[in-house]
Amino acid sequence: MKLLVTGGAGFIGSAVVRRAIAAGHAVVNVDALTYAANPANLDAVASNGRYAFEHVDIRDRAALDRVFAAHEPDAVMHLAAESHVDRSIDGPAAFIDTNITGTYTLLEAARSYWGGSRDRAGRDFRFHHISTDEVFGTLGETGKFTETTPYAPNSPYSASKAASDHLARAWGETYGLPVVLSNCSNNYGPYHFPEKLIPVVILNALAGREIPVYGQGINVRDWLYVEDHAEALLTVVTKGRIGESYNIGGDAEATNIEIVRRICALMDEMDPAGAPRERLITFVKDRPGHDLRYAIDASKIRAELGWRPSVTLDEGLKRTVAWYLENRPWWQAIQERGYKLERLGLKAAG
Ligand SMILES: NC(=O)c1ccc[n+]([C@@H]2O[C@H](COP(=O)([O-])OP(=O)(O)OC[C@H]3O[C@@H](n4cnc5c(N)ncnc54)[C@H](O)[C@@H]3O)[C@@H](O)[C@H]2O)c1
């Protein structure tokens, strides 16, 4: 297949691109290269004849029309987004622009390409919209999100993703665009931009700095290794039923403080520092509107499409810590570009 992947220079997008190329697909990566992008994530595929890069913003309709006409993809995998909850609290405008207006613009460009002057309406084309479990809001101590859980987003990020999910669904219902959706739980793994919890913990622990944990660290997330998510996405785009949505998750719930403690223990084992890293844990002011618990019921994708995660949380964390220890130039370059692990997302709290 020829896949048009948006956001392919980001964390999950680059895992999708690397895996798609390895599986024999052709990929056109459409990315505006925001702060979250890193072309180094794609070093392994950059010179592959089946890989092409288009430096394009998904809000630019004319550029998108040119990309569709030039590459004639069989499917779109839409990952480009502003993705960090804390940034959405400080500055929601970029999230509205990219996640809502950008998705709208991409849907319109895809619709025009698919049903356009060259009459592609009969052709096998699909638009895979990639989203998050955060659109469902927060859970209490029990229960899991299913595909029919009502949407109840609580942050500007999750509200903008929820809006984009609704647009994708509506373009399927109203215009017949062959849309498939997926909603995934928290990802972790190699190439994760060092503003998210797991890389923040690893890099602070490595530098002997305080490890910040929001609130009491009791918030529960359902963690999925990024390579397993990439495989799930390729399964959905190739085998998912049009008009359906699929929840993707690793069945690996853990509180934030458990994750932090496990990482500290792994680092003590893999890179001994003379004193336990747990001593660096510092509880800091909570994120405003911090959802208590997310958990995904992934039984639909397991039963219908045969996908299941291949990496346990213990194994995934071990691989992730090892990757950050072995790939210092990757994250040092990001720090040298000016990102210094500063705390974001407190403007609303005053
Ligand atoms: N990270 C997670 O745990 C998680 C979980 C579930 C779903 N998701 C979703 O998966 C997708 C990818 O997440 P991620 O963590 O890899 O994000 P990321 O922030 O690492 O990467 C986003 C990519 O999109 C690009 N981009 C941003 N705005 C753009 C624009 N206007 N035009 C073109 N490109 C643009 C960036 O340059 C970057 O390469 C997002 O849609 C996110 O909502 C993420």
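The following exchange between a trainee and a mentor goes through a predicted model, its sheet, its helices and its core.

Trainee: What kind of model is this, and how are its residues numbered?
Mentor: This is a predicted model, in which local features need pLDDT of at least 70 and side-chain atom pairs count only at pLDDT 80 or more, whereas totals for chains, interfaces and linings use all residues. Residues are numbered along each chain as its sequence is written, starting from 1.

Trainee: In what order do the seven strands of the open sheet lie, and which are the edge strands?
Mentor: Strands here are DSSP runs of E with at least two residues, and helices are runs of H or I with at least four residues, both numbered from the N terminus. Two strands pair if DSSP finds at least two bridges between them, and in this sheet the pairing is parallel, in the order β3-β2-β1-β4-β5-β6-β11. The strands that pair on one side only, and so form the edges, are β3 and β11 (245-248).

Trainee: Which residue of β11 is the bridge partner of Leu181?
Mentor: Strand β6 (residues 179-184) pairs with β11 in the parallel sense over four bridges. Both faces of β11 are covered, with Tyr246 and Ile248 buried on one side and Asn247 and a serine buried on the other, where buried requires 20 or more other C-beta atoms within 10 Å of the residue's own, exposed 12 or fewer, and partly exposed a count in between, with C-beta atoms placed from the backbone. The partner of Leu181 in β11 is Ser245.

Trainee: Why can the buried residues of α2 be placed on the same side of the helix?
Mentor: Helix α2 lies across β1, β2 and β3, running at about 170 degrees to β2, with angles taken from 0 to 180 degrees between the N-to-C directions of axes, which are lines fitted to C-alpha atoms, for helices over the stretch in contact. Its residues Leu64, Val67 and Phe68 are buried. They share a side because the directions from the helix axis to their C-beta atoms cover an arc of only 95 degrees.

Trainee: What is the phi of Glu72, which follows α2?
Mentor: Glu72 is found in the loop between α2 (61-71) and β4 (75-78), and this residue is partly exposed, with 15 other C-beta atoms within 10 Å. Most residues other than glycine have a negative phi. For Glu72, however, phi is positive, near 45 degrees.

Trainee: At what angle do the axes of α1 and α7 cross?
Mentor: Among the residues that make the contact are Ala15 and Val16 of α1 and Ala230 and Leu233 of α7, contact meaning that C-beta atoms, placed from the backbone, lie within 7 Å. The axes of α1 (residues 11-22) and α7 come within 9 Å, and they cross at roughly 65 degrees.

Trainee: Which helix gives the most to the largest nonpolar core?
Mentor: A nonpolar core is a set of buried Ala, Val, Leu, Ile, Met, Phe, Trp, Tyr and Cys residues joined through C-beta atoms within 7 Å, and the largest one here has 93 residues, with Val16, Met77 and Leu233 among those with the most contacts inside it. Leaving aside neighbours within four places in sequence, Leu233 is in contact with Val16, Met77, Ile130 and Ser182. The helix that contributes the most, with seven residues, spans residues 226-239 and is α7.

Definitions and conventions. Contact = placed C-beta atoms within 7 Å.
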